[in-house]
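Trainee: Could you take me through one part of this model closely, beginning with a single residue and working outward to the helices around it? I would like one connected account rather than a list.

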Amino acid sequence: MGKLFLLFLFVPLIEIYFLIQLGNAFGAGYTIALIVFTALLGAGLVRYQGVTTLARAQGEILKQRMPAMEVMEGAMLLLAGAMLLIPGFFTDALGFLFLVPPLRQFLIKRFMQKRMLSPGDAIHSTAQEVHDANVIDVEYQDIDQDLDKKP
């Protein structure tokens, strides 16, 4: 809880500091234009990378493998998009860093190693596991017979 409080305290202070410094150096108009430009550029990059990540996830599903890395990358892209939409240069820099695929994949692997599981454990299911899961147990009722019984 304390780390979250510090995050909400210091990030806006850092953003205000950079906005004042750049506003003094280049003027308010150029600073605002740069903020809008980074937001638009970031939104386009997030959209492009999101579509390619979705295509990779669909490819993994077609190969009958769990798209764990792609799902985690999608979550990081969502975080990057949120950071790029927040006005300011510090959060934009962090958001753009999350858009670098090798860095993003490194951070995800490190997160999985520390918090969840190692990268080789149960990330991809085998085809045999998928074939064994094709058995479906159902109950049904023939509605044609029920319709014939009613007057």
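Mentor: Let us begin with Thr31, which is found in helix H2. The model is a predicted one, and in it Thr31 counts as buried, because its relative accessibility is 7% and the cut-off for buried is under 20%. If we set aside the neighbours within four places in sequence, the residues in contact with Thr31 are Leu19, Leu22, Gly23 and Phe89. Those names are worth keeping in mind, since they return as we move outward.

Take the pairing of H1 and H2 next. Helix H1 covers residues 2–26 and helix H2 covers residues 28–62, and their axes come within 7 Å of each other and cross at roughly 125°. That angle makes H1 oblique to H2. On the H1 side the contact is made by Leu19, Leu22, Gly23 and Phe26, which meet Ala28, Tyr30, Thr31 and Ile35 of H2, so Thr31 is itself part of this contact, as are three of the residues it touches, Leu19, Leu22 and Gly23. Sorted by class, the contact of H1 with H2 holds six nonpolar residues and two polar ones, with no charged residue.

The remaining partner of Thr31, Phe89, leads to the pairing of H1 with H4. The axes of H1 and H4 also come within 7 Å, and they cross at roughly 105°, which makes H1 roughly perpendicular to H4. Here Val11, Ile14, Glu15, Phe18, Leu19 and Leu22 of H1 meet Phe89, Phe90 and Thr91 of H4. The residues of this contact divide into seven nonpolar, one polar and one charged. Leu19 and Leu22 thus appear in the contact of H1 with H2 and again in the contact of H1 with H4.

H1 and H4 also take part in the largest pocket, which holds about 200 Å³ of space. Its lining consists of Leu7, Phe8, Val11, Met83, Ile86, Phe90, Thr91 and Leu94, and the elements that give two or more residues to this lining are H1 and helix H4, residues 89–98. Val11, Phe90 and Thr91 are among the lining residues, and the same three names occur in the contact of H1 with H4. By class, the lining has seven nonpolar residues, one polar residue and no charged residue.

Still in helix H4, consider Ala93. With a relative accessibility of 40%, Ala93 counts as partly exposed. Ala93 and Thr38 stand 55 residues apart in sequence, yet their C-alpha atoms are 9.5 Å apart in space.

Thr38 brings us back to H2, where it is one of the residues that meet H3. H2 and H3 pack at an angle of about 170°, with their axes 9 Å apart, and they are therefore roughly antiparallel to each other. From H2 the contact takes Thr38, Ala39, Gly42, Val46, Gln49, Gly50, Thr53, Arg56, Ala57 and Glu60, while from H3 it takes Glu70, Glu73, Gly74, Leu77, Ala80, Gly81 and Leu84. In this contact of H2 with H3 there are six nonpolar, seven polar and four charged residues, whereas the contact of H1 with H2 has no charged residues.

Between these two helices runs a loop, and Gln64 is found in it. The phi angle of Gln64 is near 60°, a positive value in a residue other than glycine. Gln64 counts as partly exposed, at 30% relative accessibility.

Beyond the loop, H3 also contributes to the second largest pocket, which contains about 150 Å³ of space. Met76, Leu79, Phe98, Leu107 and Phe111 line this pocket, and helix H3 (68–85) and helix H5 (101–116) each supply at least two of the lining residues. The lining divides into five nonpolar residues, no polar ones and no charged ones.

Finally, set this part within the whole chain, which has seven helices and zero strands. Of the 151 residues of the chain, 22% count as buried, and Thr31, where we began, is one that counts as buried. Among the contacts in the chain with a separation of 6 or more, residues 24 or more positions apart account for 62%.

Notes: Residues are numbered from 1 along each chain as its sequence is written. This is a predicted model: local features need pLDDT of at least 70, side-chain atom pairs count only at pLDDT 80 or more; totals for chains, interfaces and linings use all residues. Side-chain values use heavy atoms; hydrogens and water are left out. Axes are lines fitted to C-alpha atoms, for helices over the stretch in contact, and angles run from 0 to 180 degrees between N-to-C directions. Helices (H or I, at least four residues) and strands (E, at least two) are DSSP runs, numbered from the N terminus. Angles under 35 degrees count as roughly parallel, over 145 as roughly antiparallel, 65 to 115 as roughly perpendicular and the rest as oblique. Contact means heavy atoms within 4.5 Å. Ala, Val, Leu, Ile, Met, Phe, Trp, Tyr, Cys and Pro count as nonpolar, Asp, Glu, Lys and Arg as charged, and the others, Gly among them, as polar. On a 1 Å grid over the protein atoms alone, a cavity is a set of points where a 1.4 Å probe fits but cannot get out, and a pocket is an open set with protein on both sides within 12 Å along at least five of seven lines; lining residues have an atom within 4 Å of a point. Grid points are joined across faces, edges and corners, and a volume is the space filled by probe spheres set on the points. Buried means under 20% relative accessible area, exposed over 50%, partly exposed in between (1.4 Å probe, protein chains only).
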